[in-house]
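Reader: Please take me slowly through the side-chain contacts of this model, beginning with one charged residue and its partner and then moving on to the aromatic rings. I would like to follow how each label is reached.

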Amino acid sequence: MADFSKQWCDQNDPDMPYDFDVIEEFKKLSEDYYIPMICEGYGFLGILNDKGECKVLIDDKWVLFDDVVNNYDLPF
């Protein structure tokens, strides 16, 4: 089953129910911890709290989540 984040659904298909909220999951993380979590829409595999910054794992690189949301149409 594919999982989609609230942010991806809000941006691409507002009527689609989402599976998780990236920001809410990020808020649960202690600094320098991550959780494996897949978003099929954005194509990431995990969420990291990197010294208070929300990052997601795409193509073996941790990328700022804001950059993913704001540049979703650009390849990473």
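Author: Lys27 counts as exposed, because its relative accessibility of 58% lies over the 50% limit. In this predicted model, the partner of Lys27 is Glu24, and the salt bridge between these two residues has its closest N and O atoms 3.5 Å apart. Both residues belong to helix H2, which spans residues 22-28, and they stand three residues apart, about one turn of the helix. Glu24, at 39% relative accessibility, is partly exposed, whereas Lys27 is exposed.

A second salt bridge within a helix joins Lys6 and Asp10, at 2.7 Å from N to O. Here the two residues are four apart in helix H1, residues 6-12, which is again described as about one turn of the helix. Lys6 has a relative accessible area of 26% and is therefore partly exposed, and Asp10 is given the label partly exposed at 43%.

The structure holds six salt bridges, and one of them brings together the side chains of Lys51 and Asp50, with 3.9 Å from N to O; this counts because the cut-off is 4 Å. Lys51 is exposed, with 59% relative accessibility. Through shared partners, salt bridges connect Asp32, Asp50, Lys51 and Lys55 into one network.

Turning to the rings, a search of the whole structure gives five aromatic pairs. In one of them, the ring centres of Phe4 and Trp8 are 5.0 Å apart and the planes meet at 40°, so the pair is tilted. Both of its members are buried, Phe4 at 17% relative accessibility and Trp8 with a relative accessible area of 14%.

Tyr42 and Phe65 make an edge-to-face pair, with 6.0 Å from centre to centre and 85° between the planes. This pair links distant parts of the chain, 23 residues apart: Tyr42 sits in the loop between strand S1 (34-39) and strand S2 (44-50), while Phe65 sits in helix H3, residues 65-70. Tyr42 is buried at 7% relative accessibility, and Phe65 is buried at 2%, because buried means under 20%. Tyr42 and Phe65 also take part in one aromatic cluster, which they form with Phe20 and Phe44.

Technical notes:
Residues numbered from 1 in each chain as written. Predicted model: local features only at pLDDT ≥ 70, side-chain atom pairs only at ≥ 80, totals over all residues. Heavy atoms only, no water. Buried < 20%, exposed > 50% of the residue type's maximum accessible area, 1.4 Å probe, protein only. Phe/Tyr/Trp six-rings, centres within 6.5 Å; stacked < 30°, edge-to-face > 60°.
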